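Reader: I would like to go through the strands and the cysteines. Please show me the structure to begin.

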Amino acid sequence: MKRSKAKRIPLSAGAAVGLLTVCLLAVGIGLAVSRAGNQPPADSVAEHTTTTTSTTTTTTTAATSADINGSVTENSSTTTTTATTTPAAPPDSVMLEVPYYSQNGVLPTGCELFSARMVLDYYGVKPSLADIIDNTYAKYTYMADGKNYGHHPNDAFIGSPYDETSFGCFPPVMSKMMNHFLPAGKTAVPLEGESLAELAESNLPNGDPVMVWATMYMKETYEAIGWNLLDAEGNQTDEWYFWPAREHCLVLVGYDAEKYYFNDPMQNSTVVSWSRELVEQRYADMGSRALVVRDTQ
């Protein structure tokens, strides 16, 4: 028998195009799978930051890369340089040479004025004692309706520095007087509540003495005579004020590990000293009040 020949049926144009499309699609998928297998996972490209502290500037550099999806990841490197300054420790001891004046035989209750006179002289101005007194606001207490009235020592010198039965004043009164005379660029600043040790160690090494409110001979204070306060306008109030007995003003001119050193207008010696612990206690007893002269801002 003779075998019959299979009849070849030619492909139509549409079938040929379809077969070619299927082949190309298969090749494309294979290439894509191959390329994807050679790429790291998208979430493995992370941001890296390096920080170095050394001196004074900050420099940032950045680079970008794209993953297979076309998203951009920024890789940055930051170098931060910071200047660090360690303040110098205060010296173990300081002693300033401040002109000395004694109130003895002149103003029995004028320790604040004589201490101010020393400090003014130290900064190069020498007003007369009469000018200092004339520029210090002073008022006596007075009786009205059976009550004794007077200003707060922050507002006025209570009494007269010539009168041994008078009282005195606190830093704000002295600062107002001193600012009449201090040279340009300097101003007297009243302080309250500052640590005496910090005041000493931050001012004396820079050449600035400190007016300090403590007690006479560093003896213990107590509540003495009192009065009803007048307000800022001079109106009578029911607020009662006790004057702290033995109140005294003197000029801190030096310190060391054990003692504070003063120009004390009540004593005839130019420099006297007491233990740091005792002075700090009397200073606190008197309300931690002081006055310094600073550069005008």
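Author: Start with one contact: Y149 has N228, in β10, as its bridge partner. This is a predicted model in which local features need pLDDT of at least 70, side-chain atom pairs count only at pLDDT 80 or more, and totals for chains, interfaces and linings use all residues. Residues are numbered from 1 along each chain as its sequence is written, and side-chain values use heavy atoms, with hydrogens and water left out.

Reader: In which sense do β6 and β10 pair?

Author: Strands of a sheet pair through backbone hydrogen bonds, either parallel or antiparallel. Here strands are DSSP runs (E, at least two residues), numbered from the N terminus, and two of them pair if DSSP finds at least two bridges between them. Strand β6 (residues 147–150) pairs with strand β10 (residues 223–230) in the parallel sense, over two bridges.

Reader: What is the strand order of the open sheet?

Author: The order of its four strands is β5-β6-β10-β11, and the pairing is mixed. β5 (142–144) and β11 (236–244) are the edge strands; each has a single partner strand, so one side of each lacks a neighbour in the sheet. From one strand to the next, the twist averages 50°, taken between N-to-C directions of lines fitted to C-alpha atoms, on a scale from 0 to 180 degrees.

Reader: How many disulfides are there?

Author: A disulfide is a pair of cysteine sulfur atoms within 2.5 Å. The count is zero.

Reader: Why does C169 form no such bond?

Author: Because its closest cysteine sulfur, in C249, is 7.8 Å away, too far for a bond. For C249 the closest cysteine sulfur is in C111, at 5.7 Å, also too far. C169 counts as buried (under 20% relative accessible area, 1.4 Å probe, protein chains only), with 0% relative accessibility. C249 is buried at 0% as well.

Conventions: Buried means under 20% relative accessible area, exposed over 50%, partly exposed in between (1.4 Å probe, protein chains only).
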